[in-house]
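Biologist: Could you walk me through this model? I've got a few questions about how the pieces sit together.

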Amino acid sequence: MLKRLIVVTAVMALTACSSLGGSKGDGEKPITSEFLGGNIKVTYTMGGEFESISSTNTVKVTSSLPYATDEAFTVATLRARKQIVEFMKLDLESEKFTDAVYNSLQDASEENKAETTQVNSKIASEVKETIKQRASGILQGTYVAEKNYDSGTKTVTVTVKSGTKDITTAKTVRRLMGN
């Protein structure tokens, strides 16, 4: 019981500390590239530093049983995580990923487009490599960032997210739990 209390306290302290500071890059606004297959969003800085990945999934509640909504939340969460795995296996290797990141960088730095073409292409490749290298940690650091129930359409929407801060927090919690 005491061990659980210590772990919960440590997790709360870690997440509180990790949400205090802004991004590392001198007040840079993060750039987001969106991918339609699985409603995936990848966020990174202008310097090519990966920040986070998120996936959203919607599931219809098909039953009127008391636990049907909870089951729909579980299914939507698992599907959103699956979408991240499939994205890392398929889309990350495709030219579509590099093109999307490149275009987002071009839009973010509209002035000097002629001079930044090679730089943005290199940054797109760096983002791709960073995600590949951290794939295992990204998947272990996923958490439900948002979940909603729409009673009008009887649908559940879940957004699963993982980022560099979340990977560090997950590793720390795992170490505190003794795993």
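Biologist: Leaving aside its neighbours within four places in sequence, which residues is Ile131 in contact with?

Modeller: First, this is a predicted model, where local features need pLDDT of at least 70, side-chain atom pairs count only at pLDDT 80 or more, and totals for chains, interfaces and linings use all residues. Residues are numbered from 1 along each chain as its sequence is written, and side-chain values use heavy atoms, with hydrogens and water left out. Contact here means heavy atoms within 4.5 Å. On that cut-off, and skipping neighbours within four places in sequence, Ile131 touches Val42, Phe50, Met88, Leu92, Phe97 and Ile138.

Biologist: Which element gives the most residues to the largest nonpolar core?

Modeller: That kind of core is a set of buried (under 20% relative accessible area, 1.4 Å probe, protein chains only) Ala, Val, Leu, Ile, Met, Phe, Trp, Tyr and Cys residues joined through side-chain atoms within 4.5 Å. This one has 31 residues, and Ile131 is among those touching the most other members. Elements are DSSP runs numbered from the N terminus: helices are H or I, at least four residues, and strands are E, at least two. The top contributor, with 8 residues, is α2.

Biologist: Is Thr32 buried, partly exposed or exposed?

Modeller: Thr32 is found in strand β1 and, again past four places in sequence, has contacts with Lys41, Val42, Thr43 and Ser104. Exposed would need over 50%, and partly exposed lies between that and the buried limit. Thr32 has a relative accessible area of 37%, so it's partly exposed.
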